[in-house]
Amino acid sequence: MDRIRIVGGNQLTGSIPISGAKNAALPLMIASLLTDDTLTLENVPHLADVEQLIRILGNHGVDYSVTGRRERQSEGYSRTVHFTARNIVDTTAPYELVSKMRASFWVIGPLLARMGIAKVSLPGGCAIGTRPVDLFIDGLQALGADISIDSGYVTAKAKRLIGTRYVFPKISVGATHVLLMAATLAKGETVLENAAREPEVVNLAECLIAMGAKISGAGTSTITIEGVDSLHGARHAVIPDRIETGTYAMAVAMTGGDVMLENARPDLLQGALDILAQTGAEITTTNSGIRVRRNGAGIAPVDITTEPFPGFPTDLQAQFMGLMTMSSGTSRITETIFENRFMHVQELARLGANITLAGQTAIVEGVSKLKGAPVMATDLRASVSLVIAGLAAEGETIVNRVYHLDRGFERLEEKLSGCGATIERLAS
Ligand code: UD1
């Protein structure tokens, strides 16, 4: 298994291009199941999760081809991908595929809406809490689906889904994506209340509208969908990755330096940028992206609580904890979205961090220096917090189980070494 070797202590200076967002690309790719025309997606990041979903969609009969930046494809750059689900050849998503990536469970919405049936394995994915699927089942039932669960599979059937008013009992990004997609082909009007307001939901809704769906209110907690008989092809761009943006912004805040995050959009993570500014980083928005600087001054401690958008994202919690390990005081980090999302704590402690857990809150006492050590990546966002800490730690840090990073960060070592970090991949 590959490992990443970092020698800490260098400031980051230069520019980092921000890739297309993984969490926007995945539901957009799944939306291709809704039509027999071609859905062309621009700015699709080159990531293990995207490749895995391409395989899963291929199993259902979705053909794909890649154009754009052809000369750079092998280097792993974002690109334009065409998806065509001319014939759905299989409405079952098997355990072997779904267990590798939780988001692939989301095929249940479009398959059911278009084909009248979907049989999807209960998911796997990052080991961050139990992550049930009750909201998906409840919501699809409200749209008139007949659902049964047997031998680890959810089977959903409906001749045609029927529009309804559905109030999510809890905010869920994935369940919002699924009900939004399913309702586009339902008969009549669907109103989704307490829907997720994440930018990825807006990106999906805009794509569905380009495909002929009638949707209003995406980005607010009430989304209205007027069902149509069929959708057609479209061309749509994946938004820049707000989690990648926040991650590199925190890396610069940690090491000091001056980095331009090209293509980054501040409106996608304003809450997190405001918090970063409170830690002492200087954030400026320009027409080409976001510039992050920290020179000389220490890192001020700031308390955060993770919340659904527009609050502080859970997907930046681990990285922010990495930053707070070297703050000049005490910070309290409270996780409200997922249970068991503190697996990075013990690994950060191996680098010399002083963190105490009290239920869903981590109390981080800043230390004046971290010291490099071998550490283990435990999930996608946790692993990149170890990279951030390693960049500031004295000496060598080796991050093991790098495949977690490859699921969500495009060309991480190249982007960081381009800004002066000493970081390399050690092939197994
Ligand atoms: C998505 C993101 C993930 C991010 C998360 C929260 C993708 C591919 N993944 O995950 O990176 O951390 O949003 O911003 O976009 N829940 C239930 N029942 C359900 C569904 C969810 O109880 O049926 C709970 C979850 O356990 C969790 C909370 O709802 O506690 C929010 O989860 P959700 O927003 O659904 O996360 P994902 O869509 O899986």
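# A tour from the loops to the ligand

Begin by selecting N194, which at 28% relative accessibility counts as partly exposed, since that class lies between the under 20% of buried residues and the over 50% of exposed ones. The model you have open is a predicted one. N194 sits in the loop between β11 (189-193) and α7, and its phi is near 60°, a positive value in a residue other than glycine.

A second residue of this kind can be selected at R401, which is not a glycine and yet has a positive phi of about 60°. R401 is found in the loop between β23 (396-400) and α13 (403-408), and at 37% relative accessibility it counts as partly exposed.

For another backbone feature, go to the loop between β18 (304-305) and α10 (317-324), where P310 lies. Look at the peptide bond that leads from F309 to P310, which is cis, with omega near 10°.

**The sheet with β4 and β14**

Now show the four strands that form an open sheet in the order β4-β5-β3-β14, with mixed pairing. At the edges of this sheet stand β4 (63-67) and β14 (234-237), each with a single partner strand, so one side of each is left without a neighbour in the sheet. From one strand to the next, the twist averages 20°.

Within this sheet, select β4 together with strand β5 (residues 79-84), and you will have a pair that runs in the antiparallel sense over five bridges. To see one position of that pair, pick S65, whose bridge partner in β5 is H82.

Next add the helices that lie on these strands. Helix α2 lies across β3 (38-44), β4 and β5, and runs at about 15° to β5. Helix α7 (residues 199-210) also packs on the sheet, where it touches β3 and β14, and its direction makes about 160° with that of β14.

**The sheet with β6 and β8**

Move on to another open sheet, whose four strands follow the order β6-β7-β9-β8, again with mixed pairing. Here β6 (92-93) and β8 (146-150) stand at the edges with a single partner strand each, so one side of each is left without a neighbour in the sheet. If you select β6 and β7, you will find that they run parallel and are joined by two bridges; A93 has V120 in β7 as its bridge partner.

**Two covered helices**

Which elements do the buried residues of α4 pack against? Select α4 (residues 108-115) and then display α1 (22-31), α2 (48-60), β7 (117-121), α5 (134-142), β9 (153-157) and α6 (173-184), against which those buried residues pack. The buried residues are I108, G109, P110, L111, L112 and A113; because six of the eight residues of the helix are buried, α4 is largely enclosed by the rest of the structure. After α4 comes G116, whose phi is positive, near 85°.

Helix α12 (residues 380-392) is mostly covered as well, with 13 of its 13 residues buried. At its N-terminal end, select D379, which caps α12 through a side-chain oxygen that lies 3.0 Å from the backbone nitrogen of R381.

**A hairpin**

Select strand β20 (residues 354-358) and strand β21 (residues 361-365), which run antiparallel and are joined by five bridges. The two strands form a hairpin with two residues between them, and G359 in the turn has a positive phi of about 65°. On β20, L357 has A362 of β21 as its bridge partner.

**The ligand**

End the tour at the ligand, which has 19 residues around it, and of these D134, S172, V173, D315 and I337 come nearest. Where do the helices enter this shell? Both α5 and α6 supply at least two residues to the shell, and α5 gives the most, with three residues.

Several polar side chains can be picked out one after another. A polar side-chain atom of D134 lies 2.6 Å from a nitrogen atom of the ligand, while a polar side-chain atom of N23 lies 3.0 Å from an oxygen atom of the ligand. For K170, an N or O atom in the side chain is 3.5 Å from an oxygen atom of the ligand. Taken alone the ligand exposes 740 Å², and the protein buries 89% of that area.

Terms used: Residues are numbered from 1 along each chain as its sequence is written. This is a predicted model: local features need pLDDT of at least 70, side-chain atom pairs count only at pLDDT 80 or more; totals for chains, interfaces and linings use all residues. Side-chain values use heavy atoms; hydrogens and water are left out. Buried means under 20% relative accessible area, exposed over 50%, partly exposed in between (1.4 Å probe, protein chains only). Contact means heavy atoms within 4.5 Å. Two strands pair if DSSP finds at least two bridges between them. Axes are lines fitted to C-alpha atoms, for helices over the stretch in contact, and angles run from 0 to 180 degrees between N-to-C directions. A polar contact is a pair of N or O atoms within 3.5 Å; within protein, one must be able to donate a hydrogen and the other to accept it, and residues adjacent in sequence count only if both atoms are side-chain atoms. A residue is near a molecule or strand if one of its heavy atoms lies within 4 Å of it. Accessible areas come from the Shrake-Rupley method with a 1.4 Å probe; for residues, only the protein chains shown count as cover.
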